[in-house]
Each structure stands twice: as C-alpha cells, then as structure tokens.
Amino acid sequence: MTAVVVMQKSAFDALPEKIQTALLESAHESAEWQRSYVEDQETPLLDALKEKGVKITRPDPAPFRKASIPLYKEMLKSDSQKALFDALTAE
C-alpha cells in the first residue's frame, strides 16, 4: 500500500527550516522502507508462483511512461497542475 503525503507549499514554506528538513528526510526514509517492505512481502509469493510454473515478466516501464506523457499533458489545465506534473515526473 502506498500513502502519499501532501502539503500546501505555502504551509510547508512557513515552517521553520529544521522542520522542513526533518519532514523531507523522514519522507525519503519512509519511502525507502515502504519499497523494501513491499519487496520483502512479494518475493516469497513470486517464488511460490515460479515453483508452480508461472512465468513472471517484468516489462520495462519507461516506454509506457513516455507514451503516456502526451495524454497527461493534454489533461492538465492549470499552471499549478502542470508544475506538479513536471515535479513528479522529473528524473
């Protein structure tokens, strides 16, 4: 399960720098933990499926992401939506 943390930029900017730093660091730390946890939970399940002869495929997501960008950009209406999309898709 993924839990997205969202905060209004003006509210975040109003926080003391130490709190901003703590929030950003803890967000990165929790994201790493969550990804590791999911992988730890999925690995035995995938192994069990493989033992039963199920072929597991892992397609490269990059072409799918690239192909979907024009659709997303077509749906974005406001400058703030565009800025958020650009921030979330920046590499």
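**Helix α3**

I started with the bend in α3 of this predicted model. I find α3 bending by about 35° at Ile69, with a proline, Pro70, following within four residues. The helix runs over residues 62–75, which makes 14 residues. From first C-alpha to last it reaches 20 Å, close to the 20 Å expected at 1.5 Å a residue. I then looked up how well α3 is covered, and the answer is hardly: the count of buried residues among its 14 residues is zero.

I checked Arg65, which is found in helix α3. Its relative accessible area is 57%, and because the cut-off for exposed is over 50%, Arg65 is listed as exposed. I also took its separation from Thr89: the two are 24 residues apart in sequence, and their C-alpha atoms are 9.3 Å apart in space.

**Between α3 and α4**

Which residue does Asp86 form a salt bridge with? I find Lys73 as the partner, with the closest N and O atoms 3.9 Å apart. Asp86 lies in helix α4 (residues 79–89) and Lys73 in helix α3, so this pair ties together parts that are 13 residues apart in sequence. I noted the accessibility of both ends. Asp86 is partly exposed at 41% relative accessibility, and Lys73 is partly exposed with a relative accessible area of 46%.

I stayed with α4 for Ala87, which has its place in that helix. Ala87 counts as exposed, at 54% relative accessibility. I took its separation from Ile69, the residue where α3 bends. Ala87 and Ile69 are 18 residues apart along the chain, and 13 Å separates their C-alpha atoms.

**Aromatic pairs**

How many aromatic pairs does the structure hold? I count two. One of them is Trp33 with Tyr37, a stacked pair at 5.1 Å centre to centre and 15° between the planes. Both residues lie in helix α2, four residues apart, about one turn of the helix. An α-helix has 3.6 residues a turn, so residues three or four places apart point the same way. I looked up the accessibility of this pair as well: Trp33 is exposed at 55%, and Tyr37 is partly exposed at 41%.

The rings of Tyr72 and Phe85 have their centres 5.5 Å apart and their planes at 35°, so I enter this pair as tilted. Tyr72 lies in helix α3 and Phe85 in helix α4, so the pair ties together parts that are 13 residues apart in sequence. I asked whether Phe85 is buried or exposed. At 11% relative accessibility, Phe85 counts as buried, because the cut-off for buried is under 20%. Its partner Tyr72 is partly exposed, with a relative accessible area of 45%.

**Helix α1 and its salt bridge**

A search of the whole structure gave me two salt bridges. Besides Asp86 with Lys73, I have Lys9 with Asp13, whose side chains meet at 2.8 Å, N to O. Both residues lie in helix α1 (residues 9–14), four residues apart, about one turn of the helix. Lys9 is exposed, with a relative accessible area of 59%. Asp13 is partly exposed, at 43% relative accessibility.

**Gln20 and the length of α2**

I followed Asp13 to Gln20, which lies in helix α2 (residues 17–51). The backbone oxygen of Asp13 lies 3.3 Å from a polar atom of the Gln20 side chain. What does Gln20 touch, not counting residues up to four places away in sequence? I list Phe12, Asp13, Ala14 and Leu15. Gln20 counts as buried, at 17% relative accessibility.

Then I checked the span of α2. At 1.5 Å a residue, its 35 residues should span 51 Å, and the end C-alpha atoms are 51 Å apart, which agrees. I also found a bend in α2, about 25° at Glu42, with a proline, Pro44, following within four residues. Last, I looked at what comes after the helix: α2 is followed by Gly53, whose phi is positive, near 90°.

Key:
Residues are numbered from 1 along each chain as its sequence is written. This is a predicted model: local features need pLDDT of at least 70, side-chain atom pairs count only at pLDDT 80 or more; totals for chains, interfaces and linings use all residues. Side-chain values use heavy atoms; hydrogens and water are left out. Helices (H or I, at least four residues) and strands (E, at least two) are DSSP runs, numbered from the N terminus. The expected span of a helix is 1.5 Å times one less than its number of residues. The bend at a residue is the angle between axes fitted to the seven residues ending there and the seven starting there. Buried means under 20% relative accessible area, exposed over 50%, partly exposed in between (1.4 Å probe, protein chains only). A polar contact is a pair of N or O atoms within 3.5 Å; within protein, one must be able to donate a hydrogen and the other to accept it, and residues adjacent in sequence count only if both atoms are side-chain atoms. Contact means heavy atoms within 4.5 Å. A salt bridge is a side-chain nitrogen of Lys or Arg within 4 Å of a carboxyl oxygen of Asp or Glu. Rings of Phe, Tyr and Trp (its six-membered ring) pair if their centres lie within 6.5 Å; planes under 30 degrees apart count as stacked, over 60 as edge-to-face and the rest as tilted.
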